[in-house]
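Okay, thanks for coming, everyone. Have a look at the picture on the screen, and I'll talk you through a few spots.

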Amino acid sequence: MQVSVRDNNVDQALRAMKKKLQREGVFREMKLKQHFEKPSEKKARQKAEGISRTRKLARKKAQSESA
């Protein structure tokens, strides 16, 4: 990953880097890896994430159809 610093503006470059890391899911993965997660807990979490993802897509689709 590469972020260029323009006009010695390090704060802006840091913000851009954090945004890229956020999009790639690095922070989320680090948080999950801090503690061991039992396989059953991992399976339950992934199932819940899938359900929420599906609901979110359905909500967005319904909103775009009504607009």
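Let's start with Arg45, which forms a salt bridge with Glu37; their closest N and O atoms are 2.8 Å apart. Before I go on, keep in mind that what you're looking at is a predicted model. As for Glu37, is this residue buried, or partly exposed? Glu37 has 22% relative accessibility, so it counts as partly exposed; buried would mean under 20%.

Now, Arg45 has another partner. The side chains of Arg45 and Glu49 meet in a salt bridge too, at 3.1 Å from N to O. Both of these residues sit in helix H3, 4 residues apart, and that's about one turn of the helix.

Follow Glu49 a little further. Its side chain also meets that of Arg28 in a salt bridge, with 2.1 Å between N and O. Which parts of the chain does this pair link? Distant ones: Arg28 is in helix H2, residues 26-33, while Glu49 is in helix H3, residues 39-66, and the two are 21 residues apart.

How open are those two? Arg28 has a relative accessible area of 47%, and since exposed means over 50%, Arg28 is partly exposed. Glu49 is partly exposed as well, with a relative accessible area of 22%.

Why would side chains like these get together at all? In general, side chains of opposite charge can pair when their charged atoms come close.

So how many salt bridges do we have? The count comes to 3. And because they share partners, Arg28, Glu37, Arg45 and Glu49 are joined into one network.

Okay, let's move to helix H1. You'll find H1 at residues 10-24, and Met17 is in there. H1 has 15 residues and reaches 21 Å from its first C-alpha to its last, close to the 21 Å expected at 1.5 Å a residue. Just after H1 comes Gly25, which takes a positive phi of about 80 degrees.

Stay with Met17 for a second. What is it part of on the surface? Together with Met1, Val5, Val10 and Leu14, Met17 makes a nonpolar surface patch of about 440 Å². Met17 itself counts as partly exposed, at 34% relative accessibility.

That's my tour. To recap: one salt-bridge network of Arg28, Glu37, Arg45 and Glu49, and one nonpolar surface patch that includes Met17. Happy to go back to any of it.

How values were computed. Residues numbered from 1 in each chain as written. Predicted model: local features only at pLDDT ≥ 70, side-chain atom pairs only at ≥ 80, totals over all residues. Heavy atoms only, no water. Patch = residues over 30% accessible without salt bridge, like charges linked within 9 Å, V, L, I, M, F, W, Y side chains within 5 Å. Areas by Shrake-Rupley, 256 points an atom, 1.4 Å probe, with all protein chains shown as cover. Salt bridge = Lys/Arg side-chain N within 4 Å of Asp/Glu carboxyl O. Buried < 20%, exposed > 50% of the residue type's maximum accessible area, 1.4 Å probe, protein only. Expected span 1.5 Å × (residues − 1).
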